[in-house]
Amino acid sequence: MSPTAAPRRLRLGMVGGGQGAFIGAVHRIAARIDDDWELVASALSSDRERARASGAELRIDPARCYSDFREMARAEAERTRHGGDGLDAVAIVTPNHLHFPVACAFIEAGIHVICDKPLTTNLADAQHLQALVQRHGVRLALTHNYTGYPLIRAARALVEAGELGEVRIVQVEYAQDWLAQPLEASGQKQAAWRTDPALAGPAGCLGDIGTHAAQLAEFVTGQSPQQLSAELVSFVPGRRVDDHVQVQLRYASGARGMLWASQVATGEENHLRLRVYGTKAALHWDQETPNEMTWHPAGQPAQRLTRGMASLSAVAAAATRTPGGHPEGYLEAFAQLYRDFARDLRHLDQPGSVPGVDDGVRSLAFVETVLASAAHDGAWTALPTP
């Protein structure tokens, strides 16, 4: 028998992520890890010369190095119509304020989208994209990359199987210290745009990392909060967006929770931590040690679960690349979303398996509800019904 040919690599485009960009490089590494994608077109900068220079460094055909994302969407759609070699999907790795117009351009061109979070800077735009995705029949993946960790998928499977019993308490926190000083005043690029409401949107720390924490808790527990009470703080004088947020959560099931996110927590690097307590057991997971999770059955000694254990769920095993004891981390978790989305695009008749436009809408609804609660001194505020 002749061997079965592997499916072709999917053709990927990228908007944003030119020379010196952090998240663009992360996306490119993630797309390459499992060999499902090939970067063939880009609009890496709105400056024509920088776009060409950035594309040349990545060995992209100069004819497919654009400086205008709208031109790129039109040209790549035309290639598909006439030559069949246009883009399968585009990755959007720009500052937040450009997510919406770039996504609109490619969705309307019939090209699938991979968008860095948050989906947009406001709920109305997110809902517009939701309708646009449905109208044009394309897929949109939102890169909440922490959902790609094997042990997070194991945690979700444990909750779904009822191993925790009824969920009572959800505690999630995401602490960093990189904005503890007015770094934006120094001209540092990442700090400058992330603290500018015109570029990042009205939510600073809340939109940047608070949305990751909220989505991770929802992904594992399968529950979205029904009401919340929030406080936003800007500790650094003159900062125009929040750099610290704390939110109490009430769930329809009766569960209670708390979300804390801060970018001014001195000594913290990238400390995303989730704890879920049920009537039968509890689980603890920490992103800085992602290859292990603590499992606490009620009345029994705590157990240390590690990535690659044979007793973990099949979904955890499917997201594992190396044998136990060989650490995997951030890049592999990011790559898992690219692997999963490639599978989704090859099986469009099946439901999607990655965070998508609906997750993005719920995330922006969470952001706007937090902002509303904080504006009324932490008043308990209901989230909109989907």
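The chat below goes through a predicted model of one protein chain, from its overall build to single residues.

Biologist: Before we get into details, how many helices and strands does the protein chain have?

Modeller: In this predicted model, the protein chain has 12 helices and 14 strands. Its radius of gyration is 21 Å, close to the 21 Å that the globule rule gives for 386 residues, so the chain is as compact as a globular protein of that length. Along the principal axes, the C-alpha trace spans about 65 × 65 × 40 Å.

Biologist: And what share of the residues counts as buried?

Modeller: Of the 386 residues, 53% count as buried. The protein chain exposes about 17100 Å², and carbon and sulfur atoms supply 51% of that area. As for how the chain is held together in contacts, residues 24 or more positions apart account for 68% of the contacts with a separation of 6 or more.

Biologist: What about charge, how many positive and negative side chains are there?

Modeller: There are 36 positive and 43 negative side chains, and the centres of the two sets lie 3 Å apart.

Biologist: Let's go to H144. Where does it lie, and is it buried or exposed?

Modeller: H144 lies in the loop between β5, residues 140-142, and α6, residues 150-160. Its relative accessibility is 1%, and because buried means under 20%, H144 counts as buried.

Biologist: Which side chain does H144 join in a polar contact?

Modeller: The side chain of H144 is joined to that of H212 by a polar contact of 3.2 Å. If neighbours within four places in sequence are left aside, H144 is in contact with K117, T211, H212, Q215, L337 and P355.

Biologist: K117 is on that list, so which other residue that we can look at is in contact with K117?

Modeller: D208 is one, since its contacts, leaving aside neighbours within four places in sequence, are K117, W178, R194 and Q263. D208 is found in helix α9, residues 205-221, and with a relative accessible area of 15% D208 is buried.

Biologist: Which of those partners does the D208 side chain reach with a polar contact?

Modeller: The D208 side chain makes a polar contact of 2.8 Å with the side chain of R194. The two residues are 14 apart in sequence, and their C-alpha atoms are 7.7 Å apart in space.

Biologist: Back to K117 for a moment, what kind of peptide bond joins K117 and P118?

Modeller: The bond between K117 and P118 is a cis peptide bond, with omega about -5 degrees. P118 has its place in the loop between β4 and α5.

Biologist: Changing topic, why would you call helix α4 largely enclosed?

Modeller: Helix α4, residues 99-108, has 10 residues and eight of them are buried, so it is largely enclosed by the rest of the structure. The buried ones are H99, F100, V102, A103, C104, A105, F106 and I107.

Biologist: What do the buried residues of α4 pack against?

Modeller: They pack against both strands and helices, namely β1 (10-15), α3 (69-82), β3 (89-92), β4 (112-115), α5 (123-136) and β5. Just after α4, G110 takes a positive phi of about 80 degrees.

Biologist: And ahead of α4, what is T94 in contact with?

Modeller: T94, which lies in the loop between β3 and α4, is in contact with V15, G16 and H99 once neighbours within four places in sequence are left aside. At 9% relative accessibility, T94 counts as buried.

Biologist: Positive phi came up with G110, so which residues other than glycine have it?

Modeller: D35 and R59 are examples: phi is about 65 degrees in D35 and near 65 degrees in R59. D35 is found in the loop between α1 (22-33) and β2 (37-43), where at 43% relative accessibility D35 counts as partly exposed. R59 lies in the loop between α2 (48-57) and α3, and with a relative accessible area of 77% R59 is exposed.

Biologist: Last one, where is R8 found, and what is it in contact with?

Modeller: R8 is found in the segment before β1 and is partly exposed, with a relative accessible area of 42%. Leaving aside neighbours within four places in sequence, R8 is in contact with D88 and R346. R8 and E38 are 30 residues apart in sequence, while their C-alpha atoms are 9.5 Å apart in space.

Terms used:
Residues are numbered from 1 along each chain as its sequence is written. This is a predicted model: local features need pLDDT of at least 70, side-chain atom pairs count only at pLDDT 80 or more; totals for chains, interfaces and linings use all residues. Side-chain values use heavy atoms; hydrogens and water are left out. Helices (H or I, at least four residues) and strands (E, at least two) are DSSP runs, numbered from the N terminus. The radius of gyration is taken over C-alpha atoms; the globule rule is 2.2 Å times the number of residues to the power 0.38. Buried means under 20% relative accessible area, exposed over 50%, partly exposed in between (1.4 Å probe, protein chains only). Contact means heavy atoms within 4.5 Å. Accessible areas come from the Shrake-Rupley method with a 1.4 Å probe; for residues, only the protein chains shown count as cover. Lys and Arg count as positive and Asp and Glu as negative; His and the chain ends are not counted. The place of a charge is taken as NZ of Lys, CZ of Arg, CG of Asp or CD of Glu. A polar contact is a pair of N or O atoms within 3.5 Å; within protein, one must be able to donate a hydrogen and the other to accept it, and residues adjacent in sequence count only if both atoms are side-chain atoms.
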